[in-house]
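Me: Could you take a close look at the aromatic rings in this one? I'd like to know how they pair up and what sits over their faces.

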Amino acid sequence: MKKNNQMMKTATLVAFIALSLFAISQSAYAQSKSAISLKPDAATIVAAEGVKPMKAEGPQGERNLGFWMDARCYATWTVSFPKAGTYAVEMFAVSKDGSPITLSVGQETVKADIAGAGNWKEYTIVDLGKIKVEKEGEVTVILKAGAGNWKPINIREITFTPKKK
């Protein structure tokens with residue numbers, strides 16, 4: 001009985017630590033008030049004829065662009081940038097097998113490789129680098145499969161944070 005109690009306490013402690021680490025990783029992705037966040041439900045999905053389009057799916061707080069099974073499918077957002085300048089770009093994403101992506105904002109494009117997680121649960125923050133927005137106002141943001149060995153990806157959020165000069 002004493003051994004079972006000790007095992008229960010250990011299991012409870014492990015669960016608490018795991019939840020705490022999860023909360024810390026999620027808060028590390030929290031946005032500042034000046035950041036622009038692109039969510040799955042705001043995306044316009046484009047797919048070639050005969051291609052099953054990706055879709056926004058999942059419960060609130062965990063929505064993602066999922067079922068992205070074909071590289072000929074892509075997502076766009078119309079974004080109103082409050083000012084011109086350089087923005088740091090991050091994506092909260094997961095790919096079971098790893099995959100290249102491209103993100104375009106107006107005439108600027110960044111490329112990145114999403115590392116393979118081996119599963120569909122371990123989302124990570126992917127640093128896409130910096131992108132220059134030429135002028136304030138509405139700009140189309142386009143997320144596409146990258147060249148090469150593209151594999152399915154799930155995307156929860158893309159964030160643009162203005163960089164100070």
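Reply: Sure, cut-offs to start with: rings of Phe, Tyr and Trp (its six-membered ring) pair if their centres lie within 6.5 Å, and planes under 30 degrees apart count as stacked, over 60 as edge-to-face and the rest as tilted. By that rule you get four aromatic pairs. Bear in mind that this is a predicted model, where local features need pLDDT of at least 70 and side-chain atom pairs count only at pLDDT 80 or more, while totals for chains, interfaces and linings use all residues. Side-chain values use heavy atoms, with hydrogens and water left out, and residues are numbered from 1 along each chain as its sequence is written.

Take Trp68 and Trp150: their ring centres are 5.3 Å apart with the planes at 55 degrees, so this pair is tilted. Trp68 sits in the loop between β4 (64-66) and β5 (73-81), and Trp150 in the loop between β10 (137-145) and β11 (154-162), so the pair ties together parts 82 residues apart in sequence. (Strands are DSSP runs of E, at least two residues, numbered from the N terminus.) Trp68 is buried at 1% relative accessibility, and Trp150 is buried too, at 12%; buried means under 20% relative accessible area (1.4 Å probe, protein chains only).

Next, Phe81 and Phe160 have ring centres 5.4 Å apart and planes at 85 degrees, so they're edge-to-face. Phe81 is in strand β5 and Phe160 in strand β11, 79 residues apart, so to speak a link between distant parts of the chain. Both Phe81 and Phe160 are buried, and together with Tyr87 they form one aromatic cluster.

As for charges over rings (NZ of Lys or CZ of Arg within 6 Å of the ring centre and within 35 degrees of the ring normal), Lys55 lies over the face of Phe67 at 4.8 Å from the ring centre, and Lys144 over that of Tyr74 at 4.7 Å.

How values were computed:
Helix = DSSP H or I, 4+ residues; strand = E, 2+ residues; numbered from the N terminus. Buried < 20%, exposed > 50% of the residue type's maximum accessible area, 1.4 Å probe, protein only.
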